Amino acid sequence: MADVTVIGQGIFLRGSIKGDGDVEIRGRVEGDVEVGGEVTIGEGALVKADVTARRITVRGAVAGNLTGEDGVRLEEGARVVGDLRGAGIGIAEGALLRGNVQTGTGGEGQRTRARQQPAQARTPVRVEPRKAPAVVVAKATSPGRKAQPAEERAAPPLPVIPVLKKGARAALRKRSR
Amino acid sequence: MASTVISHGFTIEGELTADDDVVIEGTLRGKLVSKDTVKVETGAVVEADITASSLSVGGQVTGNVTATDRVDLMPGARLIGDVKASRLTIADGASFKGNVDMDV
């Protein structure tokens, strides 16, 4: 137990945790957690941080990316918003997750980066088409509606001018005089 | 067992706020506020202002220390900073540099 760092229930830490041993978090942590050993995020814990460790077990709430070289386990009651990455990922029944999952990377940086990039590239692509058509439609309809009346307005004056006959202007001048 | 332990080999940088007791065996940089007891064990390094109900120091502390109850410097302790507490004990073999304010 000597090498286990415990962040207790009544704790609020704003900052980073770095070390080689195991960490058990039961309180609130905002910052980065980089640990060589095992990280356990207990029930009632609230972690707003990217967590990097050899193994991660979650029973509490996490907002951040979890990277476990050996594995990431979400137990019952876990609520995670973020990406999971690790050699083996287990999600138990009753755990909630919103984010990308990537298994079998084994913590190798090059592989994770290589696979990460297309994953990151895909997400914005997925988002853009949703937004883009809405904008395009709005643009397509709005100038169309404006353009049509503009043509209608422009059209009547054109025939009006030829209606004025050659002597009409001179007649108007004579009347004004 | 203490509710919060920062064990040997760990470094925490930032602000730590605790309702319960805290034991530091590793390294802490930043600020520590606890409503309960804080223990800085032998071999620990703390570069932070500490506020606690009572504080016992066996390691190395650099920063101002405020305790509502008491501050104890154990043998081998090293404290650089001001102490504000109603009670202060300095054991033989502890080194201390700073002002003491016991008027709380």
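Me: Two residues are in contact when their C-beta atoms, placed from the backbone, lie within 7 Å of each other. With that in mind, what percentage of the contacts in chain A between residues at least 6 apart in sequence join residues at least 24 apart?

Reply: Before reading any figure, keep in mind that this is a predicted model. In chain A, 2% of the contacts between residues at least 6 apart in sequence join residues at least 24 apart, and in chain B the corresponding share is 1%.

Me: How many helices and strands does each chain contain?

Reply: Chain A comes to three helices and 14 strands, whereas chain B has zero helices and 13 strands, so that, read from the N terminus on, the elements of chain B run β-β-β-β-β-β-β-β-β-β-β-β-β.

Me: How should I read the pairing of strands within chain A, and which strands pair with E8(A)?

Reply: Two strands are taken to pair if DSSP finds at least two bridges between them. Strand E5 (residues 33-35) of chain A pairs with strand E8 (residues 51-58) of chain A in the parallel sense over two bridges, with Val33(A) standing opposite Val51(A) in E8(A). Strand E6 (residues 38-41) of chain A is joined to E8(A) by four bridges, and these strands also run parallel; here the bridge partner of Ile41(A) in E8(A) is Val58(A). Strand E10 (residues 66-74) of chain A pairs with E8(A) over seven bridges, again in the parallel sense, and one of the facing pairs sets Thr52(A) opposite Thr67(A) in E10(A).

Me: Which elements of chain B supply the side that touches chain A, and how many residues does the contact take from each chain?

Reply: The size of an interface is often given as the accessible area lost when the parts come together. Here, a count of residues is available instead: the contact takes 20 residues from chain B and 21 residues from chain A. On the chain B side, strand E1 (4-6) and strand E2 (11-18) each supply at least two residues, and the largest share, eight residues, comes from E2(B). By character, the residues of that side divide into six nonpolar, 10 polar and four charged.

Me: In what sense do E2(A) and E2(B) run where they are joined, parallel or antiparallel?

Reply: Strand E2 (residues 11-19) of chain A and E2(B) run antiparallel and are joined by eight bridges, and in E2(B) the bridge partner of Ile17(A) is Ile12(B).

Me: How is burial read, and is Glu24(A) buried or partly exposed?

Reply: A residue is buried if 20 or more other C-beta atoms lie within 10 Å of its own, and exposed if 12 or fewer do. Glu24(A), which is found in strand E3 (residues 22-25) of chain A, counts as partly exposed because it has 18 C-beta neighbours inside 10 Å. Leaving aside residues up to four places away in sequence, Glu24(A) touches Val4(A), Val6(A), Thr40(A) and Gly42(A). Glu24(A) and Gly8(A) are 16 residues apart in sequence, and 8.1 Å apart in space, C-alpha to C-alpha. For the chains as wholes, buried residues make up 26% of the 177 residues in chain A, while 38% of the 104 residues of chain B count as buried.

Me: What is the average pLDDT of chain A, and over which residues of chain A is the pLDDT below 50?

Reply: Chain A averages a pLDDT of 75, and 64% of the residues score at least 70. Over residues 107-147 of chain A the pLDDT is below 50, and this stretch has eight contacts in the model beyond near neighbours in sequence.

Technical notes
Residues are numbered from 1 along each chain as its sequence is written. Chains are lettered from A and ligands numbered from 1 in the order in which they are written. This is a predicted model: local features need pLDDT of at least 70, side-chain atom pairs count only at pLDDT 80 or more; totals for chains, interfaces and linings use all residues. Ala, Val, Leu, Ile, Met, Phe, Trp, Tyr, Cys and Pro count as nonpolar, Asp, Glu, Lys and Arg as charged, and the others, Gly among them, as polar. pLDDT is the predictor's confidence in each residue, from 0 to 100.
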